[in-house]
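Q: Please walk me through this model one feature at a time. I'd like to know how each term is meant before you apply it.

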Amino acid sequence: MSSTNQGAAVRAAGLAGRVNLQQYVVYFGFLAIFLFFAIMLKDSGFLTVRNLSNIVLQTAPATIMAIGLVFVMSAGEIDLSIGSTVAVAALAAAVTMQSYGMVPGIAAGLGCGLLIGLVNGVLVAYVRLPSFLVTLATLGLFAGVSRSLTDLRSIPVTNETFTGFFGSGALFGIPSLIWWTAIAVAIGHILYRETRFGAHVLAVGDNARAASVSGISVPKMRLAVLMISGALAGLAGLLYAGRLQAAKYTLGETDLMTVIAAVIVGGTLLNGGKGSIIGALVGSLMMGMLNNGLILMGLSVSDQMIVRGLIILAAVAVSLREKSR
Amino acid sequence: MNATAEAMTGRPVLALKDIRKTFGGVVAIENFSLEVHPGEIVALVGDNGAGKSTLIKIISGVHPPTSGSIAIEGEPVAMSSATMARAHGIEVVYQDLALADQQTVYMNMFLGREPTKAFGLLDRRRMIDETEKLVKELDVRIPSAHATIRDLSGGQRQGVAIARATHWASKLILLDEPTAALGVAETAKVEEIVAALKTRNIGVLIISHSLDQVFKLSDRICVLRRGKQIGVRETKKTDKNEIIAMITGLQQS
Ligand SMILES: Nc1ncnc2c1ncn2[C@@H]1O[C@H](COP(=O)(O)OP(=O)(O)OP(=O)(O)O)[C@@H](O)[C@H]1O
Ligand SMILES: [Mg+2]
């Protein structure tokens, strides 16, 4: 029947004014986990300023990756390759810095991120391959590259300007990692919420055909979000290299799951069309707090993985429930 | 150029000549020629799969025709993208409405044409104000410009899609079954809005399966059957029986 398309729309009638649980779940979750650890771990130093600021510093790379992933997921795509882009970028920066100094090192790191994003983007947007498969492949590919090129060794980063700028330094008494997080979140939020670019990303993820007949170039948007994600994963690699004063193939390896969880818990829909940068920040802090608290509670690494997995499952369940309504 | 003078001389806003469209080996449209004049409502009728939506997509630049020519106000154009059609003052209400479900009414109203203020920031105030004004003018009853599309009823969604088209169109509006999912009151509302486009001197091409509606609204009726143009009739000079016979290909006894 010709009326099927429109008929399906009628179901939406009468749902106006319902409470949108998914949008706020991250803030309740954050608060609940915070209170839980604050009470359970009050003698183990969870609530100290030092520990809390450590959580923020440690989550900086994940938060920055999460910002990129919000753009990607809002456009209805996924980027798994960030898991290995981090290490490739950090290694490229470290190696380049040894021979050519800081600025070429930074350029190499960010350039690697952008390049991986470009490869993903071209394959997804123009060759029309599913982003899940493309980025799964590049995830594995670049994990292999960083292993084979470095022989599994770690490369020291001794440039003090660099380690100060991207790691241990501070400006006006505020650690540089917090500056990076704040700047990335602020720019990301404005770009996402307040510009035509952000609106078009959401439109593409929401209804690519509608976006297309509205004059939005769907392939360009897909390419753009994957390049943003790659560049931000590159920046995350620089932050790791700066903080740890070394680069190794293991950097960012365990971040992928955390970042995806942070983004989904933060209110970004897996299927696109809706998301939040601030939500992703809070989600990322929540995952960091969870890691920190579970360690302080003395859970083994495997138990931590189980608990984290369960939290992600719960988050995905809420997200999908919301989407299907 | 003088628009009124052109209307007087009867220059069509849209002229299709010998349009043909194939998908792979399948012929979807053959030998189709039609003119739509400013302020004229032309109805396009035919059974399911006759090629009506395909024709709309050809005019709106979604599918380029395999052969044939399209002229807007006498100027031949290669309608190669939706952006191009919109630049020529053509707006479309697609059968599936082409709304972004999880975005607000005002964002949909301005989809792809969002106004900005300083530093390239979205001018939400302006989008909201213009949406509210338009919605009031057309009497489309939606909760607010901030409402999310998927929270709206079928009629309200249709209202948003039509409001968007009438807001942006300067020459021609194409409507693909605009009342298919609507109740009696909403259908009457949409018919009223379409009829009002005449006074703005906008050409209208409307697809409908309701012959009552077609006879109520249109000046001329164009019949398609399996991609072939069966004929065009002046609404006043024909009747339902003739049109039904043309649609089905069966002679009335
Ligand atoms: N993109 C496409 N690829 C291949 N075939 C297509 C495509 N779009 C339409 N067709 C075919 O073209 C023919 C006409 O389809 P169209 O959607 O234009 O019909 P319609 O008259 O709008 O029908 P309805 O009243 O059901 O909406 C059908 O046979 C359809 O299968
Ligand atoms: Mg159709």
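Q: Where in chain A is the place of Leu118(A)?
A: Helices and strands are DSSP runs numbered from the N terminus, with at least four residues of H or I for a helix and at least two of E for a strand. Here, Leu118(A) belongs to helix H5, which covers residues 102-126 of chain A. Before going on: this is a predicted model, in which local features need pLDDT of at least 70 and side-chain atom pairs count only at pLDDT 80 or more, while totals for chains, interfaces and linings use all residues. Residues are numbered from 1 along each chain as its sequence is written, chains are lettered from A and ligands numbered from 1 in the order written, and side-chain values use heavy atoms, leaving out hydrogens and water.

Q: Does "buried or exposed" have a middle ground, and which word fits Leu118(A)?
A: There are three classes: buried is under 20% relative accessible area, exposed is over 50%, and partly exposed is in between (1.4 Å probe, protein chains only). Leu118(A) is partly exposed, because its relative accessibility is 34%.

Q: Which residues form the nonpolar patch on the surface with Leu118(A)?
A: A patch takes residues with over 30% relative accessible area and no salt bridge, joining like charges within 9 Å and nonpolar side chains (Val, Leu, Ile, Met, Phe, Trp, Tyr) within 5 Å. In this case Leu118(A) is grouped with Leu115(A), Val122(A), Tyr126(A), Val127(A) and Leu129(A). Together they offer about 510 Å² of accessible area, in the Shrake-Rupley sense with a 1.4 Å probe and, for residues, only the protein chains shown as cover.

Q: What is Phe34(A) in contact with, leaving aside its neighbours within four places in sequence?
A: Contact means heavy atoms within 4.5 Å. With those neighbours left out, Phe34(A) touches Phe46(A), Leu47(A), Leu52(A) and Met289(A). Phe34(A) sits in helix H2, residues 21-40 of chain A, and is partly exposed at 26% relative accessibility. As for Arg147(A), it is 113 residues from Phe34(A) in sequence, and their C-alpha atoms are 37 Å apart.

Q: How many helices and strands does chain A have?
A: Chain A has 14 helices and four strands. Of its 325 residues, 51% count as buried. Take the contacts in chain A with a separation of 6 or more: 78% of them join residues 24 or more positions apart. The accessible surface is about 14000 Å², with 69% of it on carbon and sulfur atoms.

Q: What radius of gyration does chain A have?
A: The radius is taken over C-alpha atoms, and the globule rule is 2.2 Å times the number of residues to the power 0.38. Chain A has 20 Å, which agrees with the value near 20 Å for a compact globule of 325 residues. Along the principal axes, its C-alpha atoms fill a box of roughly 70 × 50 × 40 Å.

Q: On to chain B: is Leu44(B) buried or exposed?
A: Leu44(B) is buried, because its relative accessible area is 0%. Leu44(B) is part of strand E3, residues 41-45 of chain B. Beyond neighbours within four places in sequence, its contacts include Phe32(B), Leu55(B), Ile206(B) and Leu224(B). Glu177(B) is 133 residues from Leu44(B) in sequence, yet the C-alpha distance is 9.8 Å.

Q: How many salt bridges are there over all chains?
A: The rule asks for a side-chain nitrogen of Lys or Arg within 4 Å of a carboxyl oxygen of Asp or Glu. That gives 19 over all chains. One of these joins Glu30(B) and Lys228(B), whose closest N and O atoms are 3.6 Å apart. Glu30(B) is in strand E2 (26-36) and Lys228(B) in strand E10 (228-234) of chain B, so parts 198 residues apart in sequence are tied together. Another pair is Arg220(B) with Glu40(B), at 2.6 Å between the closest N and O atoms. Arg220(B) lies in strand E9 (220-225) and Glu40(B) in the loop between E2 and E3 of chain B, so this pair bridges 180 residues of sequence. Arg220(B) is buried at 17%, and Glu40(B) is buried at 11%.

Q: Which protein donors does the magnesium ion have?
A: Donors are N, O and S atoms within 2.8 Å of the metal (3.2 Å for Na, K and Ca); water is not among the atoms, so sites may look incomplete. For magnesium, ligand 2, the protein donors are OG of Ser53(B) and OE1 of Gln95(B), 1.9 to 2.4 Å away. Ser53(B) is in helix H2 (52-59) and Gln95(B) in the loop between strand E6 (90-93) and helix H4 (105-109) of chain B, so the pair ties together parts 42 residues apart in sequence. Gln95(B) is buried, with a relative accessible area of 16%.
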